[in-house]
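Reader: Hey, got a minute to walk me through this one? I'd like to start with the overall fold and then poke at the details.

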Amino acid sequence: MTGTVVKGIGGFYFVYDGSETVMGKARGNLKRNKELIYVGDIVDFDIDENDKDGECVIHHVVERRNHLKRPPVSNLDILVVVFSLVKPAVNYPVIDKLIAGCELAGIKPVICISKKDLVTAEEAEEARRIYADIYPSVCVSGASGEGIEDLRKMISGSNVALAGPSGVGKSTITNLLHPEADPESEDDAEPVIAQTGHISHKTGRGRHTTRHVEIFPLPDGTMLYDTPGFTSLDMPEIKPENVGKLFPEFNISGQSCRYSDCMHINEPECAVKEALAAGKISQSRYDSYVIMTEEVKKWQK
Ligand SMILES: Nc1nc2c(ncn2[C@@H]2O[C@H](COP(=O)(O)OP(=O)(O)OP(=O)(O)O)[C@@H](O)[C@H]2O)c(=O)[nH]1
Ligand SMILES: [Mg+2]
Ligand SMILES: [Zn+2]
């Protein structure tokens with residue numbers, strides 16, 4: 001049988017075959033090969049109801065279309081990069097690293113600015129404008145539900161993960177997108193809900209409430225992955241000269257820098273810096289680029 005790994009905890013995996021979820025373990029050969037199983041993997045498994053380790057044994061992982069190490073997920077069409085402007089405050093370089101990771105893995109980013117109810121409409125729109133010309137983007141509020149239906153339309157039918165810093169509201173959005181999580185739902189099925197947490201009063205940060213990636217299959221065929229938040233991210237092992245390739249707005253057709261190996265930092269006649277000065281590239285994105293370029297230099301040592 002074939003199914004999708006929707007959750008993995010302590011060596012146990014939950015596999016969804018399109019109607020039911022069974023729990024089981026990986027067969028010895030997978031473990032010996034140190035082959036990691038990611039949530040999102042499509043696996044072949046056998047049912048074994050007499051096994052003390054659950055109801056199924058996974059014996060093969062179908063080749064992944066793509067995967068990310070952080071959050072650890074595979075086979076995504078879209079990654080929704082969720083961040084709030086306050087509670088917790090935004091850290092743009094971390095957001096841009098997550099986006100760059102998507103570009104590298106071939107996953108489409110969607111930008112979702114959360115907690116719209118905590119800032120003015122202008123503040124939310126100003127943040128959205130940083131990304132609006134580059135990626136699909138939306139502002140939402142988990143408190144009022146505003147923007148949630150727009151987000152639903154952007155992700156409908158896809159394999160899509162919500163990722164971003166701890167406390168920005170990923171699990172809250174998961175619940176709003178999941179009809180069975182509605183306490184007033186008339187559906188008899190057991191409510192499937194993602195646990196949500198609080199923001200620390202002292203640090204203004206999230207408390208890492210979600211500990212494991214979990215996929216919630218939605219009625220429209222969307223496979224919605226809720227993922228644990230983070231506060232920082234490491235850059236992948238790439239060369240400094242490749243960082244610019246992860247910024248689509250730097251690669252404006254018909255415009256090039258004087259030097260073909262231009263790093264867009266100190267060189268003269270640089271098309272990227274000209275676009276920055278003309279307001280076509282945002283300062284925030286450019287600053288993230290410089291930080292990321294500096295950070296990947298450590299991989300060369
Ligand atoms: N005011 C306001 N609060 C929100 C909104 N969305 C979520 N919250 C609150 O923010 C806190 C954290 O929400 P979660 O959904 O647990 O955040 P998370 O991103 O899943 O956090 P981790 O699982 O730690 O990564 C909770 O107290 C939510 O009620 C929103 O749109 N507006
Ligand atoms: Mg969560
Ligand atoms: Zn340049």
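Author: Sure. One term before we start: two residues are in contact if their C-beta atoms, placed from the backbone, lie within 7 Å. Also, this is a predicted model.

Reader: OK, so what share of the contacts with a separation of 6 or more comes from residues 24 or more positions apart?

Author: In the protein chain, that share is 64%.

Reader: And how many helices and strands are there?

Author: The protein chain has 7 helices and 13 strands. Its radius of gyration is 21 Å, close to the 19 Å the globule rule gives for 301 residues, so the chain is as compact as a globular protein of that length. The C-alpha trace spans about 70 × 45 × 40 Å along its principal axes, and 37% of the residues count as buried.

Reader: Let's zoom in on H2. Which of its residues are buried?

Author: Ile 95, Asp 96, Lys 97, Leu 98, Ile 99, Ala 100, Gly 101 and Cys 102.

Reader: What covers them?

Author: The cover includes strands E6, E8, E9 and E11, plus helix H7.

Reader: How far apart are the H2 ends?

Author: The end C-alpha atoms are 20 Å apart, which agrees with the 20 Å expected for 14 residues at 1.5 Å a residue. After H2 comes Gly 106, with a positive phi near 75°.

Reader: Switching topic: what's around ligand 1?

Author: 25 residues surround ligand 1, and the closest are Gly 142, Gly 169, Ser 171, Thr 210 and Gly 229. By class, the shell has 5 nonpolar, 16 polar and 4 charged residues.

Reader: Which helix gives the most to that shell?

Author: Helix H5, residues 170–177, with 3 residues.

Key
Residues numbered from 1 in each chain as written. Chains lettered and ligands numbered in written order. Predicted model: local features only at pLDDT ≥ 70, side-chain atom pairs only at ≥ 80, totals over all residues. Helix = DSSP H or I, 4+ residues; strand = E, 2+ residues; numbered from the N terminus. Expected span 1.5 Å × (residues − 1). Buried ≥ 20, exposed ≤ 12 C-beta atoms within 10 Å, placed from the backbone. Near = placed C-beta within 6 Å. Nonpolar A, V, L, I, M, F, W, Y, C, P; charged D, E, K, R; others polar. Rg over C-alpha atoms; globule rule 2.2 N^0.38 Å.
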